[in-house]
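The exercises below concern pairs of charged side chains, and each is followed by a solution worked in steps. Please look through the sequence and the structure before starting.

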Amino acid sequence: MGKMMLVYTVFAVIPMIFLTAYNYRKTSEILTEESFQEMQQNMVTTGKSLESSFLSYSTIMDLLYTNQMLNSYLSVDYTDISYWDMFSYIDKQLHSITILQPNIYRISFYSTNRTLPQDNYYFYKKEELPAGFEAKASEKSGSTTIGGIVNKDGVDYLGFIRKLNYYSSGEIENYLVMMVDANSINEQLGQNDNSRQMYLVDEAGQVLAAGAATAESDIGKLIPGWKEIPSGDTGRKISMDGIDMIGMRREEDMGLNLLLLIDQESLLAETAEVTQRILFVFLLSSSFVFCAIWLYGKMAEKRVEKVVYAAKKLGDGQFDYILSDMGYDEIGQIANAFNSLNERIQILIRENYEKKLLLKSSEMNLLQEQINPHFLYNALSVISSMAIREGGKKTVQSVRYLADFYRISLNKGRQTVSVQEELDLLQNYMKIQKLRFGDAVDISYDADREILPCRTIKLILQPLVENAIHHGTRGEEVLHISVRVGQDGNRIFYEVSDDGLGIEPEKLVQLRTELKQSQEGFGLKNVDIRVKLNYGKEYGVTINSVYGKGTCIRVEIPRTAGSAFVNNDCL
């Protein structure tokens, strides 16, 4: 405990005192620089947003400018002809634009063509152009530009203008004017307050948009030195109504300027607040750390002794020693890891012992199963030859079915077959049972063709069906057996269900217990043990049965791809 306090004082407290004094001086510079970066990012984001909006409006005006049909209609003399076709065409064009662009209030034409209908909506005389619009359109030589702010019924609109004449020698002059709701531009600038203000002005200093309503339309009266602010990423200190501000300017298309002003005092106030917080947090945390070191040292001493004692017990081979009530901190985690280690060692010892016993028993059964099938296969071949000579057709047929069954079962000594071969083996078995039971047993198959090439240990389905026939038959009633082979995620399942007698509840509990404990036996238990030995304990046999209604047995194994596609014509 004393060492921890000394180390914390030398390597944390003393350096932090000097570091805090240094940070007090540097924090102001850092936060000011971050504020400049934030202003720059704000300017770039807002500028790109405005650029995107203005580009869409400019594109619309460019499309109307290049529309030769529209320009032809505007230049025709309508003294003796009807202008209905012209009006319908223009109304259709402009109406589709205003629907797609709801911020566009109106698109109008100002022309020297006196024969055009003066409807004061689409068509106006050239002399009715808002003040200054014609001069700005002439300066841009046919390009789209912003003429200024137009007030209609108490609402401000930003006016875009472009001269439509292709050649300056034309007798008729046409001007295209688009009115856009100024509020949509104001919203892109953000909300102005005492510490932040943003304006969009033209080359003459007219305020076209602002984050909040302003009575002053000349930016020069609000910020006398606004043109002296350099355009780009650098800011400049300026005075606005006696308040020190940091200003930035960004040049936009169409001769526009974007101005951003931040109150310098608000930046310094934030710097002081952050510095005070650093000092307060440091002093408070240091006090807590000293108290925590003292308390933790007292608490940890006895608990560490318990862990050391348990480690000695483990070294002596006492694997059942458990540490209790050790908490959830670092020492508690070590204690939990120690307990988990002891439990895991015990489980591994028990599993290894049980697995060796089961594996030895399974190997003995497999050796015994290999002897009888070889003998039976050879004997059946001899009987088949003799039956052919004697003319016993039914005997020949049954013997051949049985020979095919054991041919697949033997599989040249290999323990795995394809799912298709497992089904073939079952079908040969059922052919023999059909000769015995006739129509008393009805079996149906449902197999997923995608998994037929997959590999499986052999003799899984046949014991399940044999169990269904042996335990499910009810007198003279027909026993219906359904065999399903499919996939569930990355598993293959075999499912055999019947509508026979079912299993009595007491026997079903006993059978499930034997399967859970992996007790040796024949039939279902043998299948369950072989599946668990080959694939792990998470796989095996599950049994569901209702006495008097039937039984469903399901076996799950992992899906393993086969080496080649196998024939599946029999399904």
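**Exercise 1.** In this predicted model, does R162 count as buried or exposed?

Solution. The relative accessibility of R162 is 10%, and the cut-off for buried is under 20% relative accessible area, so R162 counts as buried.

**Exercise 2.** Find the salt-bridge partner of R162, and say which parts of the chain the pair links.

Solution. The partner is D62, and the closest N and O atoms of the two residues are 2.1 Å apart. D62 belongs to helix α1 (residues 2–65), whereas R162 belongs to strand β4 (residues 155–163), and the pair thus links distant parts of the chain, 100 residues apart. As for its accessibility, D62 has a value of 31% and counts as partly exposed.

**Exercise 3.** Describe the salt bridge between E127 and R114, and place both residues in the chain.

Solution. The side chains meet at 2.8 Å, taken from N to O. Because E127 sits in the loop between β2 (123–125) and α4 (133–139), and R114 in the loop between β1 (104–111) and β2, the pair ties together parts that are 13 residues apart in sequence. With a relative accessible area of 54%, E127 is exposed.

**Exercise 4.** Where do D528 and K532 lie, and are they buried or exposed?

Solution. Both residues lie in helix α13 (residues 524–535), four residues apart, which is about one turn of the helix. They form a salt bridge whose closest N and O atoms are 2.9 Å apart, and D528 and K532 are both buried.

Notes: Residues numbered from 1 in each chain as written. Predicted model: local features only at pLDDT ≥ 70, side-chain atom pairs only at ≥ 80, totals over all residues. Heavy atoms only, no water. Salt bridge = Lys/Arg side-chain N within 4 Å of Asp/Glu carboxyl O. Helix = DSSP H or I, 4+ residues; strand = E, 2+ residues; numbered from the N terminus. Buried < 20%, exposed > 50% of the residue type's maximum accessible area, 1.4 Å probe, protein only.
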